Amino acid sequence: PVPTISWRRADGKQIPRKARRHRSSGLLEIPNFQQEDAGLYECVAENVRGRNVARGQLTFYAQPSWTQRISDVHVAIEERVAWECRASGRPKPSYRWLKDGEPLLPQGRVQLEQGSLTIPNVSLSDAGMYQCVAENRHGVIFASAELSVIAIGPDFSKTLLKKLTLVKVGGEVIIECKPKASPRPTYSWKKGKDILRENER
């Protein structure tokens, strides 16, 4: 006789309530399939002459989706840049980086690890458009950001060379010169018009 058909999960979990069973056609329908619906399912067919079971594994896959993107940064020469991008997906996405459309490889000052990119000591040549790429076998997504590297000439507006009066002969005097500048400047000292050179004093 025509068998009766029933469904169950082999892992002992309950079949989702949203699932619809079409007994006459032996069809199990699961709308809006989610990760928790994945697993081993069994179709059981039986009549007075016997019983048989068919098994099928349902696996959940999802294309990458950003959970953390990169954004534009403006830094001075020799500053540190650290970007991190993160994506969800199943299977877990892998990451790679592009600079101005070309693959970026970990070399020299550029450090790459999964979705992170670090340049500890930025130079003018590092400026450009960067892309973080997340991908699995179901899709590829891109996040873009621009790195602008700024050069700053020496600026003494926030630095004062103090006028000092020596009170005691033989005492020590320290004068600090710390202008804002990028890249780091070289220094020279003058007393009046004469260039000072290092000596025993």
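Author: A salt bridge here is a side-chain nitrogen of Lys or Arg within 4 Å of a carboxyl oxygen of Asp or Glu. This model is predicted: local features need pLDDT of at least 70, side-chain atom pairs need 80 or more, and totals for chains, interfaces and linings use all residues. Numbering starts from 1 along each chain as its sequence is written, and side-chain values use heavy atoms, without hydrogens or water.

Reader: What makes R96 and E135 a salt bridge?

Author: Their N-to-O distance is 2.6 Å. The limit is 4 Å, so the pair qualifies.

Reader: Why does this pair tie together parts that are apart in sequence?

Author: R96 lies in strand β10 (residues 94–99) and E135 in strand β14, so the bridge spans 39 residues of sequence. Strands are DSSP runs of E, at least two residues long, numbered from the N terminus.

Reader: Why are R96 and E135 called partly exposed?

Author: Buried means under 20% relative accessible area, exposed means over 50%, and partly exposed is in between (1.4 Å probe, protein chains only). R96 has 36%. E135 has 22%. Both values fall between the two limits, so both residues are partly exposed.

Reader: How do you know that E46 and R51 form a salt bridge?

Author: Their closest N and O atoms are 3.8 Å apart. That is within 4 Å, so the pair counts. E46 is partly exposed, at 33%.

Reader: What makes D37 and K18 a pair, and how is each one covered?

Author: The closest N and O atoms are 2.8 Å apart, which makes a salt bridge. D37 sits in the loop between β3 and β4, and K18 in the loop between β1 and β2 (20–22), 19 residues away. D37 has 4% relative accessibility, so it is buried. K18 has 30%, so it is partly exposed.

Reader: How many salt bridges does this rule give, and which residues form a network?

Author: The count comes to 9. Bridges with shared partners join R8, E42 and R55 into one network.

Reader: Why is the pair of W83 and Y130 called tilted?

Author: Rings of Phe, Tyr and Trp (its six-membered ring) pair if their centres lie within 6.5 Å; planes under 30 degrees apart are stacked, over 60 edge-to-face, the rest tilted. W83 and Y130 have centres 5.2 Å apart and planes at 55 degrees, so the pair is tilted. W83 is in β8 and Y130 in β14 (residues 128–136), so the pair ties together parts 47 residues apart. Both residues are buried. Ring pairs also link W83, W97 and Y130 into a cluster.

Reader: How many aromatic pairs are there, and what makes F33 and F60 one of them?

Author: There are 3 aromatic pairs. F33 and F60 have centres 6.2 Å apart and planes at 40 degrees, so this pair is tilted too. F33 is in the loop between β3 (27–29) and β4 (39–47), and F60 in the loop between β5 (50–58) and β6 (62–68). F33 has 27% relative accessible area and is partly exposed. F60 has 15% and is buried.

Reader: Why do β8 and β12 count as edges of their sheet?

Author: The open sheet has 3 strands in the order β8-β13-β12, with antiparallel pairing. β8 (81–84) and β12 (111–113) have a single partner strand each, so one side of each lacks a neighbour in the sheet. The twist averages 10 degrees from one strand to the next.

Reader: How do you know that β8 and β12 pair with β13?

Author: Pairing needs at least two DSSP bridges between the strands. β8 joins β13 by 4 bridges, and β12 joins β13 (residues 116–119) by 3. Both counts meet the rule, so both pairings stand. W83 stands opposite L117, and E113 opposite S116.

Reader: Which way do the side chains of β8 point?

Author: They alternate. V81 and W83 point to one face and are buried, whereas A82 and E84 point to the other and are not.

Reader: What makes V173 eligible for a nonpolar patch?

Author: Patch residues have over 30% relative accessible area and no salt bridge, and nonpolar side chains (Val, Leu, Ile, Met, Phe, Trp, Tyr) are joined within 5 Å. V173 has 44%, so it clears the area limit. The patch consists of V173, I175, Y187, W189 and L196, with about 480 Å² of accessible area together. Areas come from the Shrake-Rupley method. V173 lies in the loop between β16 (152–155) and β17 (180–182).

Notes. Patch = residues over 30% accessible without salt bridge, like charges linked within 9 Å, V, L, I, M, F, W, Y side chains within 5 Å. Areas by Shrake-Rupley, 256 points an atom, 1.4 Å probe, with all protein chains shown as cover. Axes fitted to C-alpha atoms, helices over the stretch in contact; angles between N-to-C directions.
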